Amino acid sequence: MKKRRGLFLGVILGLALVVWQLQTQEQPAQLLLLERDADTDPVEFFLTQFHSWVMDEQGQLVREITGTRLEQYQTEGDGSIWNPIMVLYGEEPAPAWTVQSETAWVSPEGDEILMQGAATMRRPGAEGFEPVTVNSSEVTVFPDLQQATTRQHAHIITPTRETQSIGMSADLSKDTLDMDERARTIYVPQ
Amino acid sequence: QNQNQRQLPIYIESDSATLDDQTGLAVYRGNVVITQGDTVITGDTVKVFAPQRQIEWMTSEGQPATLLTLDEEGQETRANAEHMEYRLQEELAILTRHAVVWQGEDEIRGDRIEYFLNTEQMQVYGGPTGRFQGVFKPREEAEAAP
């Protein structure tokens, strides 16, 4: 009986050693290797309170993403983000768009980001650009294309115009907006 | 249409729409209804041009496009045409292609009818016969008519 308990303790000690090594050697402090239930899609790694900057080939900053937690999954390489805030930089002088939602799903290549739950898109005003706020939900953003689309209700507010519809597609670089169904617009004289 | 009508918000309903903020052009498609105070314009396709975020003009195309407005005494003016242009600052509606205007019992047809909503004046150009056509019912007959 004594021999078996020793064996069990040994295994536990050995495991602890491996985990401790992994922690200190490769991953920074907040990067923890977490083994999940084999039946679901195991997490490869997760980050907490993260901030990522993405550059284009010329080293220009094209987007930033922050969130309270990010998980990347082993099987597909897709990911989830909690409390995501994404900033999309367009061409000067257009102000950047900020998109945030409750959670987000990130495709394996990172070229499609589904902003889940209630989602808000905001762009401040600038010379030649009206400030815009878009309130919607389940908005899919294609950051490289600077496009966003949803099939849900969308409410777009500017100082001179308010528009609602069911379903919307926005080209953030060209400043165009397609309202799919039941478009309602109010122009407010200044 | 009195002075403060022009300060009222403009409501536009349609099946779908495309808004281009850089050009200021918005295109509304399908069962389009535009309302500003007592004026209602309908059409199949409506283009709204608001370059400095303020609407300058709009066009409505339909089979037909329609316009309905009330004057200060509440008298109705209705118009049909396949193409209408409405210039907000001048409160001018330009009707072309099968243009017809009705005011009470009176009916006016022409190739091109320019109707000033604020002064209720009308300029009519040609008609199917190349001439202006108008039917004006004498007031007694108009009032006696059932």
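Q: What volume does the second largest cavity have?
A: Keep in mind that this is a predicted model. By the cavity rule, the count comes to 4 cavities of 30 Å³ or more, and the second largest of them fills about 100 Å³.

Q: Which strands of chain B each supply at least two residues of the lining of the second largest cavity?
A: That cavity is lined by 13 residues, and among those nearest its centre are B:Asp21, B:Gly24, B:Ala50 and B:Arg53, along with A:Arg161. By class, the lining splits into 6 nonpolar, 2 polar and 5 charged residues. The chain B strands you're after are E2 (16-20) and E3 (25-36).

Q: Which strand gives the largest share of the lining of the largest cavity?
A: The largest cavity has a volume of about 120 Å³. Of its 14 lining residues, A:Trp97, A:Val132, A:Asp175, A:Leu177 and B:Asp21 are the closest to its centre. In chain A, strands E6, E7, E9 and E10 each put in at least two lining residues. The largest share, 3 residues, belongs to E9(A).

Q: Is A:Gln100 buried, partly exposed or exposed?
A: A:Gln100 sits in strand E5 of chain A, and its contacts beyond four places in sequence include A:Pro84, A:Met115 and A:Arg122. Its relative accessible area is 32%, and since buried needs under 20% and exposed over 50%, A:Gln100 comes out as partly exposed.

Q: How far from the ring centre of A:Trp82 is A:Arg69?
A: A:Arg69 has its charged end over the ring of A:Phe46, 4.1 Å from the centre. A:Arg69 also lies over the face of A:Trp82, where the distance to the ring centre is 5.9 Å.

How values were computed: Residues are numbered from 1 along each chain as its sequence is written. Chains are lettered from A and ligands numbered from 1 in the order in which they are written. This is a predicted model: local features need pLDDT of at least 70, side-chain atom pairs count only at pLDDT 80 or more; totals for chains, interfaces and linings use all residues. Side-chain values use heavy atoms; hydrogens and water are left out. Helices (H or I, at least four residues) and strands (E, at least two) are DSSP runs, numbered from the N terminus. Buried means under 20% relative accessible area, exposed over 50%, partly exposed in between (1.4 Å probe, protein chains only). Contact means heavy atoms within 4.5 Å. A charge sits over a ring if NZ of Lys or CZ of Arg is within 6 Å of the ring centre and within 35 degrees of the ring normal. On a 1 Å grid over the protein atoms alone, a cavity is a set of points where a 1.4 Å probe fits but cannot get out, and a pocket is an open set with protein on both sides within 12 Å along at least five of seven lines; lining residues have an atom within 4 Å of a point. Grid points are joined across faces, edges and corners, and a volume is the space filled by probe spheres set on the points. Ala, Val, Leu, Ile, Met, Phe, Trp, Tyr, Cys and Pro count as nonpolar, Asp, Glu, Lys and Arg as charged, and the others, Gly among them, as polar.
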